[in-house]
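Reader: Hi! I'm new to this one and would love a friendly walk through it. Could you pull it up so we can chat about it?

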Amino acid sequence: MSESHTYASVILPLAVPKQYSYKVPEEMIPHMQFGIRVEVPLRNKLYSAIVVEISNIAPLNYKARDLISIIDKHPIITKTQLEFWYWLSSYYCCSIGEVMNVALPAGLKLNSETKLILNQDFQFDVHDLNDQEYLLTEALEIQHELSIGEAKDILNRKSIYPIIRSLLDLGAITVREELVQRFKPKLESYINLTPYYNEDKNRLIEALEKTKRSDPQTRAILAYQKLAKEYPWVDKKSIYDLAEINSSHIAALVKKEIFEEQKFEVSRIVADKMELSPIPSLSVEQQNAVLQIQLAFNEQKHVLLHGVTGSGKTRVYIELIKNALAQGKQSLFLLPEIALATQIVKRIVQVFGDQVGVFHSKINANERVELWKAALAGKKIILGARSSVFLPFSDLGLIIVDEEHDPSYKQNDPAPRYNGRDASVYLAGLTGAHVIMGTATPAIESYSNTLNDKYKLIEMHERYGNVALPEIQLVDLKYQYKTNRIKDHFSSDLIEAIEQALAKKEQVLIFQNRRGYVPTISCPVCAWNSECMNCDVTLTKHMHFQEMRCHYCNYRTKIPKTCPACGNDHLIEKGVGTEKIEDVIQELFEGVQVGRLDFDTAKTKNQYEQILSDFEHQKIQILVGTQMITKGLDFDNIAVVGILNADLLLQFPDFRAHERTFQLLTQVAGRAGRRQKQGKVIIQTFQPDHPVILDIVDNNYHRLFERELIERKQFVYPPFYRMIRLTLKHKNARTVAEAAQVMAHELKKHLGKRIIGPSEPGIGRIRNQYLQTITIKMERNLQKIVEIKKMVLQLRSELRNANGLKSVRVNIDVDPQ
C-alpha cells in the first residue's frame, strides 16, 4: 500500500500553461489553506505562489517537488477573486499566471531575482527583531541592496521568505519595484510622551517644572496635552501651529526625555487632513436619475448614465455611494487615469474622509499592499484606475465606471489585455454588485447594449444649475488661409475670442493633441526626414530639451543644425505641437501667463497638480494641452476653448476614428462655461460640413450613433461582430512575415473570410521589433467564439515549435480598442 501525501496546487506569476502541484511536508499540513502564498522551486529559482487547491492526489506526469515554506498565516485572495482570474484568463486568451502577475501588487510577489533594500527611515529596537532579522538588516545597512540569493547565503538558510515577510510587515525593508516607480513615500514626524510620563500623567507636573524657564517648551507640552485626547501620537506640525513654536523647542523636549519622536508613513490624501465638506443638494434631474438608477438596480440591471458635460454625474455617484454605505457594502469608483482626476478624488475624499482608499500606479509597493489588505478587510470606498478590479473585495456592492468610453480602460501590455469596464461588469456578476457607467459620450458598444436591454439607459440633459451648454463656432480653415486670416495656426476669430476673454479676466484652454515643438523636421533639398533608428516613425522636436525624441522607444538625439544627408542648413519644420503653440501664444498675446499640460510637463502627479493649482488660482491665463486637458478638469472661469485642428483626429486610420473624434472634442468643449455663464468653443477645421463636426456642434450623439451603427453593420465591425487582433513580433522582418503567413493560412482554412491580413500596421517597426497583424472578425455566437479562441491558442503553441519561427512572439488582443 503506497504512502499517502498531501499536495498543493499553486499558481505562479509566470506565463506557464498549467498549474503545478507540490508535495506538502508533514509539519506544514496543519497550516495549509486556500489563498495563502507559499515558497516553491521552479527551474532553479524560487517563487512565491498562491495555493488554490489541496488534495491527496499526486500529479500524473511528473514527480512533485517539495514545497519549501509557508509565507502567509491568512489568505491574501478570495475564492470569488480566483474565479474572476480564471474568467480573465479564458476570455482574454492568456495564462492564469499572467493574470496573477498583473493582479498582485509588487510587494506580494517575491522571487529569487527580487532585490531587497533597507528602509532608511525605519527606526527599530534590536529587541524587536530576532537573530535572523537583525543579521539581514545589518547586512543591508552595509551593502544597501541584496538579492534573495545573497540574503540566503548570508543567513545560511534554504528558506528566507518568512523572514522577508516579517521585515516587510515591519516596514524595515522594501523591494526593488518600489524604486523603479520613483515614488517617495511621505513621512511625517509624530510626538508622544516618553514611557515615564505616559505611565502616570501626574508626572507632567515634573515635566512642566523642567520647562518653567522656557515658555515655548511649556506651550508645546500644553499643546500636546490638548491634541492627544484621542490618540497619543500627535503630528509635530499640529503642535507647531497650536503652540506657535519651531523644531528647536521640540528637539529640546526630546533631549530632556519628555517627548519622543517617531516618523510614520502617511497617505498623501489622509495627510492633507481635508475637512469634510457639505455636499450640494440634488437638483430635480439628479433626484430623478438617482430614483431611476435604484429602480434599475432593484431589477438587477446595470446602468448607463448618459449625462451632458457639467450635468453633475459625480453628485449622483456620491448619492449612490452613500446608499451602498448605508447597506454596509463596499464601493469601487473606477476612473480612466486616476493621476489625471485630482479634482474628483479630492471631492470624494472631502465627502467620505478616511473611508476612502486610492489605488493606482503612482503609489509605492507598500501602500499597494496596505490597500490590498484594506480591501480584504472591508475598506468601504476604493478609488482607482482599471487595475483596482483585481483588489480582494470582501463585500462589494457598487461599481462606478466614470467616463466609461475612455480608451485608457483597455490594457495594452502585458497580458491580460483586458478592458476595465467590461471586466467590472463580469466582476459584478460574481459579487452581486451593481454597476453604473457614466459618460457624456458613450462608447458605441455600451449604448447598443441599452437597446438590447442588457443595460438600462438613464439620461441627464441639463447642466447643473441650468447653465447653458457652450456656444460652438466653426472656423473654416480653407477660407481663413485663402484670405490670409491665419496667424501662426490661430484664426482671426479665435484670436478675437481670446482677447475678449483676457480683457474680462477670464481663462482660455487651447487643445492641440500633439506634444513636442513640431512632429518632425525634413530637408527640402534631398527629402531627408528625422527618423528613429529603432522605430518606423519620425522623431519629434523638443525645444525645451534641445533634442529630437521618439515617443515610442524614447530614443533621443541632438537637434541637427544641417541635413545629415546633404549638408543643407535650411531644414523645414512640419506640423505643430503644444510646445510651439505655447511660444506662439506668448508672441500673439504679450504679457499673458501661459501654461502647458502634456506628458512632458506633467510626468509626475505633483507636476500635474501644480499646473492645475496655478490654473485654478488664475496664475495661468491660457492653458495649452493635449487630451490630458479633457480628463477631470472642472474650473469656474474658463470662457473660451480653442481646438486648433479637428481634422487630425478624423483622419486617423481606425474604424472608431469618428466615434473617438466626437468623444474627445465633446469632452474638450465641455470644459467651457461650467458654472454661471455660457462658454464659447471655437473649432478650427478644413471640413466644417463633415457629419461628425456637425454632430459635435449640435451635441447630437444619437445622430452619430445611428450613422455608426449602419456603417459598422455594413463593414462587419463591433457591436455586431467581435474582434481578435493578433500582433506578431520579431527582430527580423522576413521571419515575422513568414510566421504571419503561416498563421493566417491555417486560420483561413477554418475561418475563411473572417480573417483579415496578414498586413503590416501603420507603424511597422517598434523598438527594433517588426510587426505583422491578423484580424479575426467573429459572429456574436458564444460557442463559435470559444472555438476560435481555442484554435488561436493552439496555432500559437504550434508556431512556438515550428523550425525557424520559435522566437516569433504572438500577442492576442481580444476586443481591441
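Reader: How many disulfides does a search of the whole structure find?

Author: Zero disulfides turn up in the whole structure, where a disulfide is a pair of cysteine sulfur atoms within 2.5 Å. Keep in mind that this is a predicted model, in which local features need pLDDT of at least 70 and side-chain atom pairs count only at pLDDT 80 or more, while totals for chains, interfaces and linings use all residues. Residues are numbered from 1 along each chain as its sequence is written, and side-chain values use heavy atoms, with hydrogens and water left out.

Reader: Why is there no bond between C93 and C94?

Author: Because the sulfur of C93 is 7.9 Å from the one in C94, its closest cysteine sulfur, and that is too far for a bond. As for C526, that residue is in no disulfide either, and the nearest cysteine sulfur, in C563, is 3.5 Å away.

Reader: Are those two, C93 and C526, buried or exposed, or something in between?

Author: C93 is buried, at 3% relative accessible area, while C526 counts as partly exposed at 33%. Buried means under 20% relative accessible area, exposed means over 50%, and partly exposed is in between, with a 1.4 Å probe and protein chains only.

Reader: Nice. Now the core: which residues of the largest nonpolar core touch the most other members?

Author: Those are W85, I399, L726, L728, L747 and I776, out of 110 residues in that core. Helix α27 (residues 733-751) gives the largest share, seven residues. A nonpolar core here is a set of buried Ala, Val, Leu, Ile, Met, Phe, Trp, Tyr and Cys residues joined through side-chain atoms within 4.5 Å. Helices are DSSP runs of H or I with at least four residues, strands are E runs of at least two, and both are numbered from the N terminus.

Reader: What does L747 touch?

Author: Leaving out residues up to four places away in sequence, L747 touches L726, G752, I755, I774, I776, M791, V792 and L795. Contact means heavy atoms within 4.5 Å. Apart from the largest core lies another one of 33 residues, among them F333, I348, V356 and I400.

Reader: L726 came up twice. Which strand pairs with β32, and what is the partner of L726?

Author: β32 pairs with β35 (residues 769-779) in the antiparallel sense over 10 bridges, and the bridge partner of L726 in β35 is I774. Two strands pair if DSSP finds at least two bridges between them. β32 also pairs with β36 (residues 809-814), again antiparallel, over six bridges, and there T727 is matched with N811.

Reader: How many residues of β32 are buried?

Author: Eight of the 10 residues in β32 (721-730) are buried, so the strand is mostly covered.

Reader: Switching sheets: what is the order of the strands in the open sheet with β25?

Author: The order is β24-β25-β26, with antiparallel pairing. β24 (540-542) and β26 (556-558) are the edge strands, each pairing on one side only. Three bridges join β24 to β25 (residues 547-549), and K541 has M548 as its bridge partner in β25.

Reader: Helices next! Which residues of α11 are buried?

Author: In α11 (residues 247-255), the buried residues are H249, I250, A252 and L253. They cover an arc of only 155 degrees around the axis, so they sit on the same side of α11. That arc is taken from the directions from the helix axis to the C-beta atoms. Just after α11, E257 takes a positive phi of about 60 degrees.

Reader: And what does K236 touch?

Author: K236 lies in helix α10 (residues 236-243) and is buried, with a relative accessible area of 15%. Not counting residues up to four places away in sequence, K236 touches S189, Y190, I191, I250 and E261.

Reader: Where is D695 found, and is that residue buried or exposed?

Author: D695 is found in helix α25 (residues 691-698) and is buried, at 0% relative accessible area. Beyond four places in sequence, D695 touches F662, N700, R703, L704 and R707.

Reader: Last one: where does N637 lie?

Author: N637 lies in the loop between β29 (622-625) and β30 (638-643), and is buried at 12% relative accessible area. Leaving aside neighbours within four places in sequence, N637 is in contact with K505, E506, Q507, Q618 and K677.
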